[in-house]
Amino acid sequence: MAEAGQAESEQDIESKIEETRQRFKSECVGESQDKYDSRDVERLFKDDALVEGYLTWRHFVVEDTLKMIDESLQWRKEFTLNDLTESSIPGWMFESGAVFLHGYDKEGNKLFWFRVKLHVKDAKMILDKKRYVAFWLERYAKREPGMPLTVVFDMSESGISNIMPWIMNAAWKIVKTWLGPEAISKLKFVTKSDIQTYVGPEHLPPHMGGTDQFKYSYPPLPDDDFQSPICENGPIVSEDESDIKDIESESKETLESSFNSEQSIKPKKVNFLEDGQKSEDLDRGDPGRLRGARKPTTTFMGTLLHISPSEELRFGAKESEKKCLIILNNVTKNHVAFKVRTTAPEKYRVKPSNSSCEHGASVDIVVSLHGGFQASPQDRFLVMAAEMESSGGAGVSELAQFWKEVSKAKVMEHRLRCLLLESPKSILSNWSESPSAASNEHQDLQSTLMRVMASNSRLEQKLDSCLWTQKVLVLMVWFLLALAAYSLWTS
C-alpha cells in the first residue's frame, strides 16, 4: 500500500508540473515574448526539477506557483542573470570581500557570508550591489543546482551605517515574498556563544570562536579546496597487507607534495586505462573491484558525460555502506578525459581517478572510505571532463600533457556531495545513551497528566454543583408556578 501511495504521489507531481507549464504558457507568456529571458523559459519547460522546486515552495498550489515563477523570471531578466559574468561586476566589489561563499554548516549546506561591516548604504551603488549578490547566487546554483544555501550575516564590528544597508531592507523585502513560512522560520539570530549549534568550529572564523584561518583574497574567486585523492588509483581495501603498506607510504608522500603545488601528485603505481583498453576489460580483469559498491539511481545529463549519481554519494556506518559507485557515460564522438578530485583527500580512495573514456563507452569509478574515516556532509567531489580531439594515446604522459594544455572553458565540471545514512540501530543507540532525558520527559508528561486530571476533577465538582443549583432553581420555579396557578383558581 505504501508503494502504491508513493506512486500516486509521483503521478500527482508529474500532473502538477505539466499543469504549471501549460498554464504558464497560456497565462504568463501569451503574446508577450519579451517579458522573460527566453533561456529561462526554455529551461522551465525542460527541467522538471526546476518546476518541482517552485511547486514545493508554494505547497503545490499551482496558482501561487505561477505567481512565484512570474516574479522570479522577471527579476532574472531585469538583472540579466544569464549574462552575469565576473567581468561585468566592478572589480573593487570582489576585492572588498563583503560577500563570498566558503565552508559548510553542520547539515552540509554551503555558507554564504555577508560581512555587514563592509556594506555601506549608498543609493548610487544599489543596482551594482544587487547584481554582485545575484552573481554569487547564480554561480552557486549552476555549480550545485537545487542545493540548499545557508546565509550568514556577520554583524561583528558593524556600525549604524552598516546596520540598514539595502541588504537588510529593500532586498530582503523582495526575497521575503519568495519565501514561505517554513523558510522564514529558518531564520536564526545567534551569538558567538550559540552559533556552533549550527556551524562547526572548523568552518567559523576565530572572532566567532572557530578555528578556520581562511582569509578572503581576490583574485581568484574562492572555491572548495578540491585535491587529488591520496592512494590515487590505488588498491581498494580487499588487497593484502603488504600492498596497503606500500600505498600508505606513497599516500603520505603524495599528500605532502600536494600542499606545495596543485598539480604535484606523483603518478606512482597509477593504473590508467591503456590505449584501446575499454572499461569493460578493466572490470573483467578485476571482478571484485565493484563488489559491495552502492549503485547510483539518478543521472546528471552533462554535455560530455552522463554522470550517475546526479547529486550525492551515500555512505553509512556499515562495511557494506562504505563504498559508492560513480558511473560515467561518454555521450560525445571522441575520447573524453576525466579526473575526480575531493575536498577530503585523506579520507577516500578513488579508482580510477584520472583516465579517459571512449565514445559510447562507460567507466565505473569506485569511491571507498579509507581506514577508520567516516564520511561527512561537508565532503565534496568534483568530476572534471574535457573532450580529446584525437583518439590517440590516453596513457599517463598523454593525459598529463592534455590537462596542462586544455582550455578551462572546455572543461565540464560537476560536483557531488556526501550524504550520511543513519541506520535504525544508531537511532536506538542515541536514544539509549540518553535515558535520563527520556526519564525526564516521562516525568514531565506524568506530572502534566496529573495536573490535567486534577483540573478535570475540579471541573467535574463545579459541574455537579451547577447541576444541583439548576435542579433547585427548576423546583423553585415549578413551586412558584403551582402557587400562582392555585391562587388564580381559588380567586
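Which helix holds Trp-478? The legends below take up this residue after an overview of the chain.

**Figure 1. Overview of the predicted model.** The protein chain has 14 helices and 13 strands. Of its 491 residues, 39% count as buried. About 29200 Å² of the chain is exposed. Carbon and sulfur atoms supply 56% of that area. Contacts between residues at least 6 apart in sequence were also sorted by separation: 70% of them join residues at least 24 apart.

**Figure 2. Trp-478 and its surface patch.** Trp-478 sits in helix α14, which spans residues 435-490. The relative accessible area of Trp-478 is 59%. Exposed means over 50%, so Trp-478 counts as exposed. Val-474, Val-477 and Leu-481 join Trp-478 in a nonpolar patch on the surface. Together, the four residues have about 420 Å² of accessible area.

**Figure 3. The open sheet of five strands.** The strand order is β6-β13-β12-β8-β10. Pairing is mixed. The edges are β6 (312-315) and β10 (354-357), each of which pairs on one side only. From one strand to the next, the twist averages 25°.

**Figure 4. The β6 edge and its partner, β13.** Strand β13 covers residues 412-420. It runs parallel to β6, and four bridges join the two. In one of the pairs, Phe-315 has Leu-420 of β13 as its bridge partner.

**Figure 5. β12 and its two pairings, with β8 and with β13.** How many of the nine residues of β12 are buried? Eight are, so the strand is largely enclosed by the rest of the structure. β12 pairs with β8 in the antiparallel sense, over eight bridges. Here His-335 stands opposite Met-388 of β12. The pairing of β12 with β13 is antiparallel too, over six bridges. Met-384 has Glu-413 in β13 as its bridge partner.

**Figure 6. Helix α12 across the sheet strands β8, β10 and β12.** Helix α12 is formed by residues 396-405. It lies across β8 (335-342), β10 and β12 (380-388). Against β12, the helix runs at about 95°. Of these strands, β10 is an edge of the sheet, while β12 stands between β13 and β8 in the strand order.

Methods
Residues are numbered from 1 along each chain as its sequence is written. This is a predicted model: local features need pLDDT of at least 70, side-chain atom pairs count only at pLDDT 80 or more; totals for chains, interfaces and linings use all residues. Side-chain values use heavy atoms; hydrogens and water are left out. Patches are made of residues with over 30% relative accessible area and no salt bridge: like charges are joined within 9 Å, nonpolar side chains (Val, Leu, Ile, Met, Phe, Trp, Tyr) within 5 Å. Accessible areas come from the Shrake-Rupley method with a 1.4 Å probe; for residues, only the protein chains shown count as cover. A salt bridge is a side-chain nitrogen of Lys or Arg within 4 Å of a carboxyl oxygen of Asp or Glu. Buried means under 20% relative accessible area, exposed over 50%, partly exposed in between (1.4 Å probe, protein chains only). Two strands pair if DSSP finds at least two bridges between them. Axes are lines fitted to C-alpha atoms, for helices over the stretch in contact, and angles run from 0 to 180 degrees between N-to-C directions. Contact means heavy atoms within 4.5 Å.
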